[in-house]
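Here are my notes on the model you sent over, written as numbered points. Have the structure open while you read.

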Amino acid sequence: EGCDKFCTFCVVPYTRGAEFSRPVKDVEQEARRLVAGGAREITLLGQNVNAYHGTSDRHEISLAGLLRRLAEIDGLTRLRYTTSHPRDLSADLIAAHGDVPALMPHLHLPVQSGSDRILKAMNRQHSADEYRRRIEKLRGARPDIALSSDFIVGFPGETEAEFEETLALAREIGFAQAYSFKYSPRPGTPA
C-alpha cells in the first residue's frame, strides 16, 4: 500500500501515505487459503507492488522472493502482479520472469511519457532510455512477455515534439496494451 515516488500528477502518496508491505507470512497464508478454496491464479496488487519489501524470519524479502515462495504452493499455477514502477524493476524481479514458470508472461509497467523533459517534470525518476534498457533486460529473461503501460498526454507544458517522442517509444516497445489518459489536474499535486 501507499507510494514513496511522489509523481507530480498523482495523489496516492498524499491519500494512501508511505509505502508499506504486508508480512510475507500473511501473504503466504492468504495464498494457501485461496488455493485450498479452489483458486489457481493469484494477482499481487499494490500501488507500487514491485517495491515490496516484506520480512520473513527477520530477513527482508523482495517481490521476486515472494513470487518464488508463492510459486511453491501446490495447486497454484499462475501468478501476476500489478502495478509496477520502472524504478523498482530490479534484477532479481527480471530474473524471476525467466525462472518462475507460474509467473505469467505479462507486465504492466507504466512509462507515462517518452520525453525525458516530461518524465522529469512528472518526477518519474527514470529516463526513456532507462525504461528501454529495463525492457530489453526483461525481454532477455522472458522473450514472450507482453507489456502494457500507462500514458498521460497533454501534461502541462508538453509540446507536440515531446508527444511524438511518446508515440515513438510506444511503437518501439510494441506494447500489447496501453491505458492512455488526457492529463487532468488533481487538487494538491504539484502538476
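1. Fold order. Starting at the N terminus, the elements run α-α-β-β-β-α-β-α-β-α-α-β-α-β. That makes seven helices and seven strands in the chain. Keep in mind throughout that this is a predicted model.

2. Overall dimensions. The C-alpha trace spans about 50 × 35 × 30 Å along its principal axes. A compact globule of 191 residues would have a radius of gyration near 16 Å, and the chain comes out at 17 Å, so the two agree. If you look at contacts between residues at least 6 apart in sequence, 73% of them join residues at least 24 apart.

3. Surface and charge. About 9800 Å² of the chain is accessible, and carbon and sulfur atoms account for 51% of that surface. As for burial, 43% of the 191 residues count as buried. The side chains include 25 positive and 26 negative ones, and the centres of these two sets are 3 Å apart.

4. The main core. How many residues make up the largest nonpolar core? It has 37, and the ones with the most contacts inside it are Leu44, Leu63, Leu66, Leu70 and Tyr81. At least two core residues come from each of α2 (24-36), β1 (41-45), α3 (63-70), β4 (78-82), α4 (91-99), α6 (128-141), β6 (146-153) and α7 (160-173). Which element gives the largest share? That is α3, with five residues. Another core, of seven residues, lies apart from this one, and Phe9, Ile118, Met122 and Tyr183 are among its members.

5. Leucine 66. This is one of the residues with the most contacts inside the largest core, so to speak a good place to start clicking. Beyond its neighbours within four places in sequence, leucine 66 is in contact with Val24, Val27, Leu44, Tyr52 and Ile61. Leu44 is on the list of most-connected core residues as well.

6. Alanine 96. You'll find alanine 96 in helix α4. Is it buried or exposed? Its relative accessibility is 0%, so alanine 96 counts as buried, the cut-off being under 20%. Setting aside residues up to four places away in sequence, alanine 96 touches Ala64, Arg68 and Leu103. If you want a distance to check on screen, try histidine 106: it is ten residues from alanine 96 in sequence, and their C-alpha atoms are 12 Å apart.

7. Arginine 142. Arginine 142 sits in the loop between α6 and β6. With a relative accessible area of 18%, arginine 142 is buried, because the limit is under 20%. Residues up to four places away aside, arginine 142 touches His97, Leu103 and Pro105. Leu103 also turns up among the contacts of alanine 96. Arginine 16 is 126 residues away from arginine 142 along the chain, and 33 Å separates their C-alpha atoms.

8. The loop between α5 and α6. Three residues here deserve a look. Histidine 126 is in this loop, which follows α5 (116-122), and at 6% relative accessibility histidine 126 counts as buried. What does histidine 126 touch, not counting residues up to four places away in sequence? The list is His85, Pro86, Pro110, Val111, Leu119, Tyr131 and Arg134. Asparagine 123 belongs to the loop too, and with a relative accessible area of 28% asparagine 123 is partly exposed. Glutamine 125 is another loop member, partly exposed at 33% relative accessibility.

9. Backbone points to check. Most residues other than glycine have a negative phi, and most peptide bonds are trans. Asparagine 123 has a positive phi, near 60 degrees, without being a glycine. Glutamine 125, also not a glycine, has a positive phi of about 65 degrees. On the peptide bond side, the link from threonine 82 to threonine 83 is cis, with omega near 0 degrees. Threonine 83 has its place in the loop between β4 and α4.

Technical notes: Residues numbered from 1 in each chain as written. Predicted model: local features only at pLDDT ≥ 70, side-chain atom pairs only at ≥ 80, totals over all residues. Heavy atoms only, no water. Helix = DSSP H or I, 4+ residues; strand = E, 2+ residues; numbered from the N terminus. Rg over C-alpha atoms; globule rule 2.2 N^0.38 Å. Buried < 20%, exposed > 50% of the residue type's maximum accessible area, 1.4 Å probe, protein only. Contact = heavy atoms within 4.5 Å. Areas by Shrake-Rupley, 256 points an atom, 1.4 Å probe, with all protein chains shown as cover. Lys, Arg positive; Asp, Glu negative; His and termini not counted. Charge placed at Lys NZ, Arg CZ, Asp CG, Glu CD. Core = buried A, V, L, I, M, F, W, Y, C linked by side-chain atoms within 4.5 Å.
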